[in-house]
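Here is a short dialogue for a reader new to this structure. Look it over, then follow the questions.

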Amino acid sequence: MSGISTTNVPLWLTEWLAEQQITLWGAADLRDFSTPRDATGQGFPFALSVAIPMNPQIMVTIQNGPNQAYADEYTRVNNCINALSETLAAEIKAGGSRAQALAASERTDTVNIKGDFPHKTAATRAGLGWIGRHCQLISRPFGSWLRLGTVFTDLELPCGPPIERNFCGSCTRCVEACPAKALTGKAWYPGLPREEILSVRTCDQWKKKHYLQYHKGHNCGICSAACPYGLKVLTKKSAHY
Ligand code: SF4
Ligand code: SF4
């Protein structure tokens, strides 16, 4: 399933994504955003956003905290995304357009605990899903049991439509499940600052204090494991990872 109509998407691209077994992807119009710049100092007007599902059988085991299987799965999917994003950027460049991959889980700003650009912003603008009360992207097919890759480009593609609202309803399961009390419970809408949803510092400190053995305190996942949109994946026969 793709977040966009395949009309006018270059055939090579749809074939390439299908070969990689990418079933959830889309293009985002980022002309209203400040993107990272390439070596010539130019930003990018568009991005391709791709989602790789995490193994739901592992995700369901971390409701009380992360474990080694989750840490290993996290590494596997991040490595997969990084390799895929670099190859996709190279393919786009080979066709004559500019492209640049955004690394998965790379904190280039350690003071504010963030990367060069939020993968989640590209994903919501591409129509892949919305941001839940746990501050992660939720997609219909995989819930938030996924990781995101982003490739910036100037290759013109049919974009979006962006997701402009959340579908959490009155649910607050993730907020209640968070042992650090790092989630405010506020419901997302486009443009809401991350800090209004999540105290990233409280979350980070909790992970470093309690789960340092997993990627130096980078993993937790309790809030994601509690989310009913993820739990639904377990009952879907079509779940693939
Ligand atoms: S990752 Fe863990 S500490 Fe951070 S918000 Fe989610 S449940 Fe809370
Ligand atoms: S657990 Fe509930 S409130 Fe939290 S992200 Fe999932 S649906 Fe939204």
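A student and a tutor now go through the model, which is predicted.

Student: What is the mean pLDDT of the protein?
Tutor: Start with coverage: 91% of the residues reach 70 or more. Residues 1-6 stay under 50. The mean pLDDT of the protein is 92.

Student: In what order do the four strands of the open sheet stand?
Tutor: The pairing is antiparallel. Six bridges join β1 to β2. Eight join β2 to β6. Then β3 pairs with β6 over four bridges. The order is β1-β2-β6-β3.

Student: Which strands stand at the edges?
Tutor: An edge strand here has a single partner, so one side of it is left without a neighbour in the sheet. That holds for two strands, β1 (24-29) and β3 (99-102).

Student: Which residue in β6 is the bridge partner of Ala47?
Tutor: Ala47 belongs to β2, and β2 runs antiparallel to β6. On the β3 side, Gln100 stands opposite Phe152. Ala47 has its partner in β6 too, and that partner is Phe152.

Student: Is β2 mostly covered or mostly exposed, and how many of its residues are buried?
Tutor: Take the two faces in turn. Phe46, Leu48, Val50 and Ile52 point one way, and Ala47, Ser49, Ala51 and Pro53 point the other way. Residues on both faces are buried. So β2 is mostly covered, and the buried count is eight of eight.

Student: Which helix lies across β2, β3 and β6?
Tutor: The helix spans residues 68-94. Against β6 it runs at about 20 degrees. It is α3.

Student: Which element gives the most to the shell around ligand 1?
Tutor: The residues around ligand 1 include His134, Cys178, Trp206 and Cys223. Two elements give two or more residues: α7 (200-210) and α8 (222-226). With three residues, the top contributor is α7.

Student: How many nonpolar residues does the shell around ligand 1 have?
Tutor: Set the other classes aside. One residue is polar and one is charged. The nonpolar count is 10.

Student: Which residues are the closest around ligand 2?
Tutor: Its shell holds 13 residues. The elements α5 (173-177) and α9 (228-234) give two or more residues each. By class, the shell has eight nonpolar, three polar and two charged residues. The closest are Gly132, Cys168, Cys171, Cys174 and Cys227.

How values were computed:
Residues numbered from 1 in each chain as written. Chains lettered and ligands numbered in written order. Predicted model: local features only at pLDDT ≥ 70, side-chain atom pairs only at ≥ 80, totals over all residues. Near = placed C-beta within 6 Å. Nonpolar A, V, L, I, M, F, W, Y, C, P; charged D, E, K, R; others polar. pLDDT = per-residue confidence, 0-100. Contact = placed C-beta atoms within 7 Å. Pairing = 2+ DSSP bridges. Axes fitted to C-alpha atoms, helices over the stretch in contact; angles between N-to-C directions. Buried ≥ 20, exposed ≤ 12 C-beta atoms within 10 Å, placed from the backbone.
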